[in-house]
Every structure is written in C-alpha cells, then in structure tokens.
Amino acid sequence: MNLRFEPARGLSGELRAPADKSISHRAALLGAMASEPVHIERYLHAADTKATLDAVRALGALVELRGEEVVVRGTGLREAREPEEPIDVHNAGTLMRLLPGWLAAQEGRSFTLDGDESIRRRPVDRIAEPLRQMGAELSAREGRFPPFSVRGARLRAISYELEIASAQVKSCVLLAALAADGATTLGEPARSRDHTERMLLHAGVGIHRNGRHVTVVNADELLLDSVRVPGDASSAAFLITAGVLVPQSRLLIGDVGVNWTRTGFLRILQRMRGIVIGDLEDESGELIAHEPICDLDVAHGALEATTVEPEEVPLAIDELPLVALLGCFAEGETIVRGAQELRLKESDRIATVVEGLRGLGATIEATDDGFAVTGTGGLKGGTIDAVGDHRMAMMGAIAGLASRDGVTVLGMEAAAVSYPGFVEDMAALAGTTDRPNRC
C-alpha cells in the first residue's frame, strides 16, 4: 500500500499512544510461564504481538481475547508443550530473542523457531552463547541465523557479561535464569530497557540491580495476576516528532509510558530545544515493580543540532531514525555515534534512513556506526520506500507532513506491525477524516 502524505500546518488535538509493544510481548510470555491466569489490560493487537499470542498457544497456553484485555492461562515455568510444527515468529524480533530463554528450561524437549525473510537475516548468536553456557543446546542456520532450534536442559546459573547493551539478549538470559540452579548475574556495558526486570519483580521473583549488573534467583512459579500495558513511548515518538516539526502545532499525547529506560529520545529532543513537557521518571539505581505513565504536552518550535553519544544509544535505539529526521530541520550538524546495532533491525536502518532522507532532500551521510545530518531548515519531499520496516514507514509519513511538497511512502502497511491505527491518527491530527491519498 503506497500512501501520499501532504504538507500540514497546525496539528492539534489529544491522542492516546498505542499500547506498548515491548511490554505486551513480555506480558504474554510471562503469562504463559505462570501457573495461574494473568489478565493483561490494554494488550497491543498488532502483527508482532499477535505472533507472540500464537506462539504461547502453540506451547500449551490458553489465550482469551476480551476486547483490549487478554487473559493468558499458562503452563508454568517448566511445562511448555513441544509443538509438532516450528514456531513462526513472523517479523517479531523481540519474540525471536526472548522466547528461547523460556524454551531452554524445558528439559528434554526441542523447539524450532522460524520467521519471515527479514527475521532470517537477523542473527541469534548473542542469545545462543549464554544459553549454551547454561546447558541448553541451540543450533542455527550458518551458526547464527534463523531458522534455529533449542533443546531444553537442566540449566545452571552463570555470570555473564554482554558485549553490547541489549534488552532483548538480557531478557532472554533472565527468563532462562528463572529455572537455573542458583543465582544468575548479568552485566551490560550500559543501561538498556528494564521492562523484564520490573515485570519479574512484580511477579515475586528475587531480582535486584547493582550498578550495571542484574542478579536473578531461580523461582518455583511466577505470581503475576495482572499487567497494565502503558502507551508505547516509541510509537508516541512519531506523534511527538510531528508536533515538534509541523508549524503551529500543539498536541497532548496521553497515557505514555515514561520509564527512564524508554525516554532517551525525549532527553535528546529536549537537548535539541524541542518542546515536550511531562512528568518523566528520573534515573534511579533502584529497581521498581511498576511502569510510570504520564501525558505529554508537545508544541512546534525551532531546533538546535546535537550529538548522540554511544552510551545514549541503547535507550533510544528505536527512535534514532527520528533523530535523523529532526536533524534535517535543526540548526547545525546532528551526529549519531555508536549505533551499529541499527544495522541489525528489520532493515539496515543506517542505510535505509540515509538513503530515504537523502531522497527527500536531506544533507545526510552514513558512517560505520551512525550518521551525520546537516540541517537545511526542512525537506523538499519526494518518495521513500519503507522496505518492510514499520519505523521507516512512519518516519516517511511524518516527513511528509513536515515537508514542503509532500512525501509518498511505498509500503505504508508496514506501520501495522506496531501501530495499527497510525494512518487514521495522522488524519485526525491534521484535522481531516480523510485518509492520505493512495498512490
């Protein structure tokens, strides 16, 4: 589906951010690992998170849909069913990397995971190494790509240092550690998203953080009765960017999750002099069992360039394409460093962002680990290919609203992976009930 997004002025209104994709994945997985029913309020019904519900069904969990609520009746930590067919993760990288942590603890049972063409290009070696050290068997195509198989075993606790900060790899190991024979400690070079740790603490698991290390002890069961999913900060970032870039705009975005490990983009934007006001969570070394939520007030204004350093990247990894877009409108040169992880997303996001924005008139260059953008006051417009990447599709749409001549997005349907109502919300903000024009 190709859609045309025309220039806009004066975006206004109130919107509720779609439910958080990362937390929805984790809630469904932990619900399947629990022994008692888990009620998930405001679960995200999108392509990626539906894949997670299908996966836990294949493993023996019962899933009941009640509007925005999902009830998962799980199998327990160690009683996942061995399915006859491979588990299809579709395009869900989070599912692909978290689920093997649980499967590794299913002693004597084997599981195969596969996905779409994009997933088959995404490596799994970083989860394979710690799971093998814990005693599980994992074999992958060419040693590191899906499809891959996991054979569960009696797991042993380990101490493990991640070379690259990754919430997905960290979460995989933490889930496996629940069934290991002691306390597992995991270190990372910088902070990454901590949704898994908070949810495990909420479920009664013995887990604590000490600086850059997290330690979790084994558990007999998860005591997780309910989870409320907040609005997705990464999805809200597209609405925020629209409000900041489109002249005369003023938006109120409600119900946004503002966990400190998810608001790296907002800190970068505020450093660029972007106008975003809300009660954000402060940084703390203490692990807490809830997800903070607030409304965000956003307004258009002039921007200044900035440099995003490597230590900031893990907490803004999904929003870095938007930093590139903002840099096109900012005064000066915006630089992102240490973001080589972007090359392993749904697309090579360094290459696709640079090529896509350059095609719209940006002055932007790729580097090995990021990009450099020289602000020129805006974008002319043109055509951008989403290449099957939901964040590229949404970035192109926002670029269209803020451009001089409009933007045609090729493959706009990709947005439904994380934000099913994105196109309709854009029309609402622009003050029209009409969808953008099909091309």
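A salt bridge is a side-chain nitrogen of Lys or Arg within 4 Å of a carboxyl oxygen of Asp or Glu. Side chains of opposite charge can pair when their charged atoms come close. The model described here is predicted, and it holds 35 salt bridges. Three of these pairs are set out below.

| Pair | Closest N and O atoms |
|---|---|
| Arg198 and Glu281 | 2.9 Å |
| Arg228 and Asp255 | 3.2 Å |
| Arg262 and Asp232 | 3.0 Å |

**Arg198 and Glu281**

The closest N and O atoms of Arg198 and Glu281 are 2.9 Å apart, and the two residues form a salt bridge. This pair links distant parts of the chain, with the two positions 83 residues apart in numbering. Arg198 belongs to helix H6, residues 195-202. Glu281 sits in the loop between strand S16 (275-277) and strand S17 (293-299). Buried means under 20% relative accessible area. Arg198 has a relative accessible area of 5%, so it is buried. Glu281 also counts as buried, because its relative accessibility is 17%.

**Arg228 and Asp255**

In the salt bridge between Arg228 and Asp255, the N to O distance is 3.2 Å. Here too the pair links distant parts of the chain, 27 residues apart. Arg228 is in strand S14 (residues 226-228), and Asp255 is in strand S15 (residues 250-257). Is each partner buried or partly exposed? Arg228 is partly exposed, with a relative accessible area of 38%. Asp255, at 10% relative accessibility, counts as buried.

**Arg262 and Asp232**

Arg262 forms a salt bridge with Asp232, and their closest N and O atoms are 3.0 Å apart. Arg262 lies in the loop between S15 and helix H8 (264-271), while Asp232 lies in the loop between S14 and helix H7 (233-245), so the salt bridge ties together parts that are 30 residues apart in sequence. Arg262 counts as buried at 5% relative accessibility, and Asp232 counts as buried at 2%.

**A shared network**

Which residues are joined into one network by salt bridges that share partners? They are Arg191, Asp194, Arg198, Arg209 and Glu281. Arg198 and Glu281 are the pair with N and O atoms 2.9 Å apart described above.

**Cysteines**

A disulfide is a covalent bond between the sulfur atoms of two cysteines. How many disulfides does a search of the whole structure find? The search finds 0. Cys294 is buried, with a relative accessible area of 8%. Cys328 counts as buried at 1% relative accessibility.

Conventions:
Residues are numbered from 1 along each chain as its sequence is written. This is a predicted model: local features need pLDDT of at least 70, side-chain atom pairs count only at pLDDT 80 or more; totals for chains, interfaces and linings use all residues. Side-chain values use heavy atoms; hydrogens and water are left out. Helices (H or I, at least four residues) and strands (E, at least two) are DSSP runs, numbered from the N terminus. Buried means under 20% relative accessible area, exposed over 50%, partly exposed in between (1.4 Å probe, protein chains only). A disulfide is a pair of cysteine sulfur atoms within 2.5 Å.
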